[in-house]
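Here is a short report on bonds, charge pairs and surface patches. Please look over the sequence and the model first.

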Amino acid sequence: MRTYYCLPLFIWTYMFYSVDAIPLQEKANSNFPTKRIMSLTKDNGKMLHRTKRGWMWNQFFLLEEYTGTDTQYVGKLHTDQDKGDGNLKYILTGDGAGSIFVIDENTGDIHAAKKLDREEKSLYILRAKAIDRKTGRQVEPESEFIIKIHDINDNEPKFTRDLYTASVPEMSGVGTSVTQVTATDADDANYGNSAKVVYSILQGQPYFSVDPESGIIKTALPDMSRENREQYQVVIQAKDMGGQMGGLSGTTTVNITLTDVNNNPPRFPQSTYQFNSPESVPLGTHLGRIKANDPDVGENAEMEYRIAEGEGADMFDVLTDKDTQEGIITVKQNLDFENKMLYTLRVDASNTHPDPRFLHLGPFKDTAVVKISVEDIDEPPVFSKISYLIEVDEDVKEGSIIGQVTAYDPDAMNNLIKYSVDRHTDTDWVFSVHADNGSIFTLKPLDRESSPWHNITVIATELNNSKQSSHIPVFIRILDINDHAPEFAMYYETFVCENAKPGQLIQTVSVMDKDDPPRGHKFFFEPVPEFPLNPNFTIVDNKDNTAGIMTRKDGYSRHKMSTYLLPVLIFDNDYPIQSSTGTLTIRVCACDNQGNMQSCNAQALVLSAGLSTGALVAILLCVLILLVLVVLFAALKRQRKKEPLIISKDDVRDNIVTYNDEGGGEEDTQAFDIGTLRNPEAREESKLRRDVMPETIFQIRRTVPLWENIDVQDFIHRRLKENDSDPNAPPYDSLATYAYEGNDSIADSLSSLESLTADCNQDYDYLSDWGPRFKKLADMYGGDESDRD
C-alpha cells in the first residue's frame, strides 16, 4: 500500500522536470500561456510557433479504497509565474472540488479528503486557476485535468442466477453439454487480473465437469441411469485473479435432472396368471387384468398387449388400458363348458415406442401364460334355429299340425323340455303347441284375407327348473287359396242416351278379388247363361281384366223403358274357379248432340249444360232468403216469454186471469180448427203438431181413419186411448187437452149480465152470509137500490 501511495509523487516529480509534456485535451493546450521559439516550417513558407506549457502538471492517478489515517496526497499544481512569495492563489473547481478533493491555495497541493470507489466513479474532471492576490487577475488561463482512480481487487465474481435448473438425457456419453453458467466481476477488466474469472466445480463430481473459461457444464461419466438416480445437485465456483491464490470467489447451485429414454423393456412380475369364467358370460365380459412392469416413464413406458397365435386366440381377446397400462382379458366368443373346460393363452407385452439406440439390449417385449377355467352353470334350453318360418294354406282344418320347433338342454344333465305358446303374442288362441314334442297345430280356421301373417312366440322350459326357459319367434305365413269370387270394383252408375247408336261404349267395368294368386289375376266376362243374347246391350271382354258395355240397337226411349238391368257373369282362372254375377243398372237419359247427359226419368244426375247463369243466381238468392227467414223465426221464438198466472207462491187471493187474445179471425189458419173435432176425416194425415218443433228423426204416425158423424166425446176418448197406448209417442213437454162439456147444462146461468132486464129484482142478501171473501159482491148486489144505481 505504501508503494501505491508514493506512486503519484514519483509521477508528479517526473512531470515537474519534464521539458516537453503531452497535453491531455486540445482545449487545455489552447489556453496555456506560451513562450515563442522561432522555427522554420514548410507550410506556406510561414514561420511556425511552438507552444510551451505554462502549467506544470499532467494526469493524476489515485488508488481506490484508501484506508490511511491522513488524507491521500494526489498531486501539486504549479505555474512558472509563481515566485514563491505568496502572491498567487490556486483555485480548484469541477467534480468533487472542495468536498472530495481539496487544494492548498498557497502551495497548490491537492489531497483526497474521502475514500474513493472506482466502481462508483472511475475518473474525475477538474479545472484549475491561478489568481494574483493583489490584482485578482488570472495569471494563467483556466484549464482542465483528470484524476483517474486505479482499481484494486475489491469485488468478488457474481453469477447471473443464484440457482440454475438443467436436464440431460440418461445414458448420454461423456462430454455431453448440460448447461452454461455465467459470473461477472465489477472490477476493472483492463487493469490487472482483478476481473479475470475462472470456473471450477466444488460439488457434483465425478458425474459432471465444468469448463474453467466458458462455464459450460458437461457429463463426466458414461451411461448414467435415471432409474438408479434421477436428481443431481452441482455447485460451481467462479474465482477472479485468474484463479490464483488471494482471488475473490462466488458460487452457484445447478440442479440437474436426468430425463428418461426407452432403455428398459417391459417385464411381467409373474409368468402365469389364472382366471375363472362361467360359461354363460356375455360377449365382451372382462375376465381379469394383467400388467407388465416398465421402469421407464411417459410414452417410453407405454405398451400394448396381444394374444399370440395358438389355443384360445379365437375365443378371447386382450385390450390395453391406456391409463394404467394393463392388459384386460375379454370374452370374444360364447363359452361352452361341455365343449372345453380349460384354455391356455400366451399374452405378449411390448413397448409401442422403442428406441433404436437400445435395441441391442434385447427384444423390448415379454410373454406370460394366462389360464382360463370355464365353469359349468345351469343353462336354459337352446333351440335348433334362431327363428322358424312356417307356411300353411288358409283352408287347413282345425287341429292340423302345421310345423314343429325343437329345443335341447345344453347342460350335461340333459333335462326334459316342455313347450308352450306365449299368449301375449297369440291373444286370439289361433295356434297351440304340443308340450312334449313342440308340434304346432291350429285351434281356429285361418283366413289369409284378414290376417296373412301370424307372429307367435314359443317358450321352451326345463321340466326340473321352470326358471330356465328360452323364447323363439315363429313366423306363420298363410298361403292363399281361391275362396273368393271376383266382383265389381265399385258401384257403377251407368246411363245410355236416348239417341244412342249401335256399338257405342257406355261403360267400362273392372273387377277386384280378395284372393292373391301367385300368377296374378285373370278375369273373364260373359252374359249369364239364362240370357245368353241380350237384345239391348253387348258385353265385350277386353282381355285386360276389364269389360266394355256396348249398345246394340238404335235409340232408346225412357218413356217406354227407363231402366235396364244387365247381369254380367264374372269368373277367374284359379283353381277352384270362382264366379259371381254382377248386375248393372242402366238408365235411359236425355242427352245433347255431343252425348252429354241432361236428365233422366227419375232425377237429373248432372246439371243441364244449357242452364243459364241468371237461373243459378236466382236459385241461390231464393235459398238465401229462406235461410234468413228461418233465422228470424228462431230469434222471435226465443224472445217470446210467458207471463206466469200467479206472480208469487204466497199469494192465495182469487185472481182473475184475463186473456186478451181474440185470435186471428177467419184468416188465421194456424189457430185451432174446431171443425176437425166435428169432422175427423178432414184433418191432414201428414200435418205435424204445431206445439213442438218437428224433427226429421221422428216419423209421422198415421192412425186409422175414423168414421163419419162419430160422436165428439167418443172421438176424444179414442184419441186419448190412442196416445196412451202408443209406445213410439215422443215425450213432448206439452199438454194436449180435449174438453167436452156435453150437450146442455142442467144448471142455470150464473151470469148477471141480463139481471137488469128482468121484470123483478133479484135478492142477493145471501151473499152477506158467505163470508168476507164475498163481501165485495155483497156490497155491490146486496145494497139499496139507490146504491146499485
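A disulfide joins Cys-497 to Cys-591, with an S to S distance of 2.0 Å. This pair links distant parts of the chain, 94 residues apart. Cys-497 sits in strand 36 (residues 494-497), and Cys-591 sits in strand 42 (residues 579-591). The model is predicted. The torsion about the S-S bond of Cys-497 and Cys-591 is about -85°, so this disulfide is left-handed. Is Cys-497 buried or exposed? Cys-497 is buried, because its relative accessible area is 11% and the limit for buried is under 20%. Cys-591 also counts as buried, at 13% relative accessibility.

How many disulfides does the structure hold? It holds two. The other bond is formed by Cys-589 and Cys-600, their sulfur atoms 1.6 Å apart. Here the angle about the S-S bond is 85°, and the link of Cys-589 and Cys-600 is right-handed. Cys-589 lies in strand 42 and Cys-600 in strand 43 (residues 597-600), so the pair ties together parts that are eleven residues apart in sequence. Cys-589 and Cys-600 are both buried. With the bonded cysteines of the protein chain numbered in sequence order, the pairing reads 1-3, 2-4. Cys-622 is another cysteine to look at: it counts as partly exposed, at 47% relative accessibility.

Next come the charge pairs. Side chains of opposite charge can pair when their charged atoms come close. The structure holds 17 salt bridges. Three of them are listed here, including the distance between the closest N and O atoms.

| Salt bridge | Closest N and O atoms |
|---|---|
| Arg-306 with Asp-348 | 3.5 Å |
| Asp-355 with Arg-357 | 3.0 Å |
| Arg-423 with Asp-426 | 2.9 Å |

Which strands hold Arg-306 and Asp-348? Arg-306 lies in strand 21 (residues 303-307) and Asp-348 in strand 24 (residues 342-351), so their salt bridge ties together parts that are 42 residues apart in sequence. The two partners differ in cover. Arg-306 is partly exposed, with a relative accessible area of 47%, whereas Asp-348 counts as buried at 8%.

Asp-355 and Arg-357 make a similar contrast. Asp-355 counts as buried, at 14% relative accessibility. Arg-357 is exposed, with a relative accessible area of 52%. In the pair of Arg-423 and Asp-426, the acid is the one to check: Asp-426 is buried, with a relative accessible area of 5%.

Salt bridges can also join into a network here. Arg-226, Glu-227, Glu-230 and Asp-260 are linked in this way.

Now turn to the surface. Which residues gather in a patch of negative charge? They are Asp-393, Asp-395, Asp-447 and Asp-483. Asp-393 belongs to strand 27 (residues 388-393). Asp-393 is partly exposed, with a relative accessible area of 37%.

Another surface patch is nonpolar and covers about 670 Å². Its members are Leu-621, Leu-624, Ile-625, Leu-626, Val-628, Leu-629 and Leu-632. Where does Leu-626 lie? Leu-626 is in helix 3 (residues 613-639). Leu-626 is exposed, because its relative accessible area is 53% and exposed means over 50%.

Definitions and conventions. Residues numbered from 1 in each chain as written. Predicted model: local features only at pLDDT ≥ 70, side-chain atom pairs only at ≥ 80, totals over all residues. Heavy atoms only, no water. Patch = residues over 30% accessible without salt bridge, like charges linked within 9 Å, V, L, I, M, F, W, Y side chains within 5 Å. Areas by Shrake-Rupley, 256 points an atom, 1.4 Å probe, with all protein chains shown as cover. Salt bridge = Lys/Arg side-chain N within 4 Å of Asp/Glu carboxyl O. Lys, Arg positive; Asp, Glu negative; His and termini not counted. Charge placed at Lys NZ, Arg CZ, Asp CG, Glu CD. Helix = DSSP H or I, 4+ residues; strand = E, 2+ residues; numbered from the N terminus. Buried < 20%, exposed > 50% of the residue type's maximum accessible area, 1.4 Å probe, protein only. Disulfide = S-S within 2.5 Å.
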